[in-house]
Amino acid sequence: MVWAPEAPSTPSRPAGDEVAALSRLQVLRLLDSGPRGLVEAEAESRLLRHGENILPGRRPVSWPRRLARSLRDPFTMVLLALGVVSALIASWGTAGVIVLLVVASCVLRSNGEYRADRSTAALRELVATTATVRRRASEDAEPWEREIPVDQLVPGDVIKLGPGDLVPADVRLLRARGLTVHQAPLTGESAPVPKRALDLPEGDDHLCRQGSSVVSGSALAVVAATGADTMLAGSSAAPARELSAFDRSVNGISWTLVRLMVIIPPLALVANAVLRGRGLEALPFAVAVAVGLTPEMLPVVVTTALARGSALLARSGVIVKRLAALHDVGAIDVLCMDKTGTLTRDRPVLRDSIGPDGGPDPEALRWAAINSFWTLHLADPPVPDALDEAILLGAPDHGDVEGVDASPFDPVSRVSCALVHDGGAHRVVVKGAVEPVLERCTLSPQDRLRAARLADRLAEEGLRVLAVATAGRPAVHRLGEERGLSFAGFVTLADEPSPEAPGALAALSRRGITPKVLTGDHPATAARTCRDLGLSVGTVVNAGELADLSDAELAEAVGRATVVARCTPEQKARVVRALRASGHTVGFLGDGVNDLAAMRAADVGICPRGAVDVTREAADVVLAAKDLAAVDQAVAAGRRSTGNIVTYLRIALSSNVGNVIAMLAAGLALPFLPMLPVQVLVQNLCFDAAQLALAFDRADPAVLRRPLRLQPRALLRFVVGFGALNAVADLVTFAVLTWVLGVEGAPAFHTGWFIENMLTQAVIMLLLRPISGVSRPLGLATGALAAVGLLLPLSPLASAFGLVALPATSYLWLLAVVGLYGGALLAITRRRFQDRGRRTP
């Protein structure tokens, strides 16, 4: 027997219950890790053993699996059922064409979705969430910190967490300072939960789970579980994303058509049997009628149009993470946003330091600078606060003060706190919004009112006002619970309006989008900034006054206002929900953790690429920068894509409905079927191939001027009206063929109607759309369609499809009918599409 040394044991990922019961040292030993982090080579080895840190449901779907899934489309399922019926009655030609339609639709759809998903995944890599990990080059090397993609994390990695970070895996806290975590995806709790790095565990305060996000504070933690072993991977608490308004509209149209496809063919079959004595010989025709109603290319055109719009946006740095979101961006009629960094520059400028008596006093600025310095150094936020940086840039030396502990600005409490050692004593310094700071101070009612009025006067001058207070405290102190403070005064800062904002706001207004500014600032400060940018402010709403209003009253109040000030994160979300409930399509532009709730409540969440991780992950659209001009580009692209989808639906459904009406009428009036099933199906196949060009059509300039959303009822009204007009053209063709040309025999009749159908379809594709020029793909597609209609009856393939050559006079009469139809269509569509007040479905 050959002896071999035992391979070193590799740590397994401990169960959550096991980690919850262990101390920090025990967890590190179990994971074979330490506070200095893993050696890089060991981390790579663990990545190979345990796999990437990816939730099972987020792995890309393979092309074959996507192809199989496309068979579940309602249209595809109905077509397959019709194909089976055709095979059972030995109508092999009909069955063969149906199978060809199904295969073409599924392959094109699967290929389009696969390419779109691959493209979107590649774009998502540009904004992929990262984690700050601590690792070493070798056992004896000093640790270093760097950003890596979260899918590269392994059990045993030591990571840092800060405000706005997503918790990238299940972790055990090693150190925490003022840490609060939002864990609604796991527990449903709307309020942030405090976390502590206890050595002797109590409950799960020392654990953070994947899917939660850091609201405030900072922490050092060790990764305990990744990927499929996390609590989120096996939890039903992570709900599937609900269908967007666009998805619901498309599904509604699809199922309406499916119902018609199920109802009309049996009626046609019964009518032919009763009135014409036709039995099973009419069944293939009924099947063809059902196929004629089917817009097989709808999923393909939708995917292609949205993917093309997303790809064009990506060239300018705008990333659409969810294809359906592109339609929702085009439908936005209200855009909510914060003030800082959007309407103003990200860098405020320090103005004054004012004492409690209203006069200049450097002491307020000194304490504010102490708070800012130690908040930045001890709380270690991932992105330094712009206000703190502005204060430190303009403040003098604050003396020999040693920091003990700090908690950064909390968007809920709206204050930041620092505990410092100053001259032999410990002192807490609180800085933040005026109201919460004054509430913590020991002031007489008169002094409190005087301070509040002073702050209001400063805010009305367009300044941002921060209040500062201090008090002596013991060395062991729980930050965030301060009361009985001494008011030190105010520090004021000025926001410089963004020079690009006025033009961008004007462009959005021309597109029919109303801006709403939801900010934590003082109402007067926000209103002054909006006026400087040319916005009509109207009523300025203080969010605190909205708490007692019902949702309907809230929607009415914020509907009249441009500015909603003093907003907490939850109040922002409630305003957004109220606007949506009142019928608006709402977008929200934000970049901080305080914007997360509102972004999730909106129809479309928009953020810049530099936003904090949790906000960037929740967004539907990611901009290269926090720029309203980029939002305008995304809106225009969304409206172009939606416009092309609506155009396809109008053309496909109007043509299909008109043909079906004419076939049913002619089938009852003629002694023979008006068209053979194989002719209907070949005609439908040609239509479908040509209509793919509509995904690349040019946009009507009028479409870009107002919110555009898919409205099933308006679309169906349009289809019924123009479908009836198309049916009239077909019936006129029947009359010309029968009474004017005296066509005898079914083959000649079938050929004449086949030619007319192909030509009118080409005319519809050109005219039943906004008159805005013809793109090259559309011109080639309509030309090919007309050529097939004219030349197929003259080709060697004619007999295979039951077609025959017609006399030259027949072509002239058919062209005359098509010309008259085109003229009528042009007159109607010109008036309709040039009406600027129209409501587009």
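This passage walks through the fold, the strand pairing, the side-chain packing and a few backbone oddities of the structure above.

The model is a predicted one. Overall, the protein has 27 helices and 22 strands. Of its 841 residues, 55% are buried. Long-range contacts carry a good share of the count: among contacts with a separation of 6 or more, 74% come from residues 24 or more positions apart. On the outside, the accessible surface comes to about 35,300 Å², and carbon and sulfur atoms account for 58% of that.

Turning to the strands, there is an open sheet of eight strands with mixed pairing, and its order reads β9-β22-β21-β20-β10-β17-β19-β18. Its edges are β9 (319–320) and β18 (539–542), each of which pairs on one side only. Inside that order, strand β10 (residues 334–337) and strand β17 (residues 514–518) run parallel and are joined by four bridges. To find that pairing on screen, look for V334, which stands opposite T514 in β17. As a reminder, strands of a sheet pair through backbone hydrogen bonds, and the pairing can be parallel or antiparallel.

The antiparallel kind turns up around strand β8 (residues 213–225). This strand is largely enclosed by the rest of the structure, because 13 of its 13 residues are buried. Strand β5 (residues 170–182) pairs with β8 in the antiparallel sense over ten bridges, with D170 opposite A225 in β8. Strand β4 (residues 158–161) also pairs with β8 in the antiparallel sense, over four bridges. Here K160 is the residue that stands opposite L220 in β8.

Next come the helices. Helix α13 (residues 386–394) has A386, L387, D388, A390 and I391 as its buried residues. Those buried residues pack against a mix of elements: the helix α12 (362–378) and the strands β11 (349–354), β14 (425–432), β15 (463–472) and β16 (486–494). Further along the chain, helix α24 (residues 712–740) has 29 residues and reaches 40 Å from its first C-alpha to its last, close to the 42 Å expected at 1.5 Å a residue. After α24 comes G742, with a positive phi near 60°.

The aromatic side chains are worth a look too. The structure holds five aromatic pairs. In one of them, the rings of F373 and W374 have centres 4.9 Å apart and planes at 90°, so this pair is edge-to-face. The two partners do not share a burial class: F373 counts as partly exposed because its relative accessibility is 24%, while W374, at 11% relative accessibility, counts as buried. The rings of F487 and F490 also make an edge-to-face pair, because their planes sit at 65° with the centres 5.1 Å apart. Both F487 and F490 are buried. Elsewhere, ring pairs link F734, F749 and W753 into a cluster.

Arginines get involved with rings as well. The charged end of R366 sits over the ring of W367, 4.7 Å from the ring centre. R650, in turn, lies over the face of F718, at 4.7 Å from the centre of that ring.

A glycine in a loop ties together distant parts of the sequence. G802 sits in the loop between α26 (776–791) and α27 (808–833), and counts as partly exposed because its relative accessibility is 24%. Setting aside neighbours within four places in sequence, G802 is in contact with L676, Q679, P747 and T751. The C-alpha atoms of G802 and V678 are 8.6 Å apart in space, although the two residues are 124 residues apart in sequence.

Finally, some backbone angles stand out. Most residues other than glycine have a negative phi. D32, however, has a positive phi near 55°. D32 is found in the loop between α2 (24–30) and β1 (38–39), and counts as exposed because its relative accessibility is 52%. R414 is another non-glycine residue with a positive phi, of about 65°. This arginine lies in the loop between β12 (401–407) and β13 (415–422). Unlike D32, which is exposed, R414 is buried, with a relative accessible area of 15%.

How values were computed. Residues are numbered from 1 along each chain as its sequence is written. This is a predicted model: local features need pLDDT of at least 70, side-chain atom pairs count only at pLDDT 80 or more; totals for chains, interfaces and linings use all residues. Side-chain values use heavy atoms; hydrogens and water are left out. Helices (H or I, at least four residues) and strands (E, at least two) are DSSP runs, numbered from the N terminus. Buried means under 20% relative accessible area, exposed over 50%, partly exposed in between (1.4 Å probe, protein chains only). Contact means heavy atoms within 4.5 Å. Accessible areas come from the Shrake-Rupley method with a 1.4 Å probe; for residues, only the protein chains shown count as cover. Rings of Phe, Tyr and Trp (its six-membered ring) pair if their centres lie within 6.5 Å; planes under 30 degrees apart count as stacked, over 60 as edge-to-face and the rest as tilted. A charge sits over a ring if NZ of Lys or CZ of Arg is within 6 Å of the ring centre and within 35 degrees of the ring normal. Two strands pair if DSSP finds at least two bridges between them. The expected span of a helix is 1.5 Å times one less than its number of residues.
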